Amino acid sequence: MALELGGSRVSLERTPDGRRLLVRHDVDASVDTVWEVLTDTDCWPDWGPSVSAVEISDRYITAGTTGRVRVAGAVWLPFEVTACVPYRWTWNVARLPATGHFAEDRAGGSVVGFEIPPLATGYAPVCARACRRIATLTQQRES
């Protein structure tokens with residue numbers, strides 16, 4: 001069963017990391033453009049409502065990438081990308097499992113989404129807002 005939240009679909013599903021709440025949003029851009037925005041740390045503050053800055057040695061993430069994110073405009077937290085394969089990446093923030101990020105191909109565009117650990121379901125509206133921002137960024141890149 002899926003619910004609607006700010007133009008995004010929300011459902012509980014099994015992922016490679018177990019059951020997660022998934023927030024999905026259709027995007028009128030290619031899956032490769034969505035993936036580029038998801039993995040480009042220069043873009044994170046543009047689409048991540050809770051991320052205001054990123055410190056990292058390489059601009060694009062890969063499995064094992066570490067760095068720091070500034071959240072709530074003030075607090076710096078360490079992060080490590082725990083998995084990064086084409087069109088899906090996950091991370092730990094402050095050594096705790098955080099959201100997963102993914103892109104899926106679909107006819108006429110793509111889908112961007114987030115996987116939320118069950119204990120963080122209150123974060124779904126933030127992820128829905130991030131999805132909308134990613135949709136806007138990717139559509140601008142392809143215009």
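**Residue environments, a helix pair and the cysteines**

In this predicted model, Gly67 is found in strand 5, which covers residues 66-71. The glycine is buried, with a relative accessible area of 17%. That places Gly67 on the buried side because the limit for this class is under 20%. Setting aside neighbours within four places in sequence, Gly67 is in contact with Glu55, Leu77, Pro78 and Phe79. A further residue to look at from here is Glu80: 13 residues separate Gly67 and Glu80 along the chain, and their C-alpha atoms are 6.7 Å apart.

Another strand residue, Val23, is a good place to continue. Val23 lies in strand 3, residues 18-27, and is buried, with a relative accessible area of 0%. Beyond residues up to four places away in sequence, Val23 touches Ser8, Arg9 and Val10, along with Phe102, Val112, Gly113, Phe114 and Ile116. The list of residues touched by Val23 also holds Ala124, Cys127, Ala128 and Cys131. Of these partners, Phe102 is 79 residues from Val23 in sequence, with a C-alpha to C-alpha separation of 10.0 Å.

The helices come next. Helix 1 spans residues 31-39 and helix 3 spans residues 124-142; their axes come within 9 Å and cross at roughly 120°. This angle makes helix 1 oblique to helix 3, and the crossing of the two helices is right-handed. On the helix 1 side, the contact is made by Thr33, Val34, Glu36, Val37 and Leu38, while helix 3 supplies Ile134, Leu137, Thr138, Arg141 and Glu142. Sorted by class, the contact between helix 1 and helix 3 has five nonpolar, two polar and three charged residues.

Glu142, one of the helix 3 residues in this contact, is partly exposed, with a relative accessible area of 39%. When residues up to four places away in sequence are not counted, Glu142 touches Asp28, Ala29, Ser30 and Thr33. Ala29 is 113 residues from Glu142 in sequence, yet the two C-alpha atoms are 6.7 Å apart in space. Thr33 appears again here: this threonine is touched by Glu142 and is among the helix 1 residues that make the contact with helix 3.

Thr39 also lies in helix 1. Thr39 is buried, with a relative accessible area of 5%. With residues up to four places away in sequence left out, Thr39 touches Trp44, Arg59, Tyr60, Ile61 and Trp89.

Finally, readers planning to look at the cysteines may like to know that a search of the whole structure finds zero disulfides. For Cys43, the closest cysteine sulfur is that of Cys84, at 14 Å, which is too far for a bond. Cys127 is likewise in no disulfide, and the nearest cysteine sulfur, in Cys131, is 6.9 Å away. For a disulfide, the two sulfur atoms would have to be within 2.5 Å. Cys43 is buried, with a relative accessible area of 6%, and Cys127 counts as buried at 2% relative accessibility. Cys127 and Cys131 also bring the account back to strand 3, as both cysteines are touched by Val23.

Methods: Residues are numbered from 1 along each chain as its sequence is written. This is a predicted model: local features need pLDDT of at least 70, side-chain atom pairs count only at pLDDT 80 or more; totals for chains, interfaces and linings use all residues. Side-chain values use heavy atoms; hydrogens and water are left out. Buried means under 20% relative accessible area, exposed over 50%, partly exposed in between (1.4 Å probe, protein chains only). Axes are lines fitted to C-alpha atoms, for helices over the stretch in contact, and angles run from 0 to 180 degrees between N-to-C directions. Helices (H or I, at least four residues) and strands (E, at least two) are DSSP runs, numbered from the N terminus. Angles under 35 degrees count as roughly parallel, over 145 as roughly antiparallel, 65 to 115 as roughly perpendicular and the rest as oblique. A crossing is left-handed if the near helix is turned anticlockwise from the far one by less than a right angle, and right-handed if clockwise. Contact means heavy atoms within 4.5 Å. Ala, Val, Leu, Ile, Met, Phe, Trp, Tyr, Cys and Pro count as nonpolar, Asp, Glu, Lys and Arg as charged, and the others, Gly among them, as polar.
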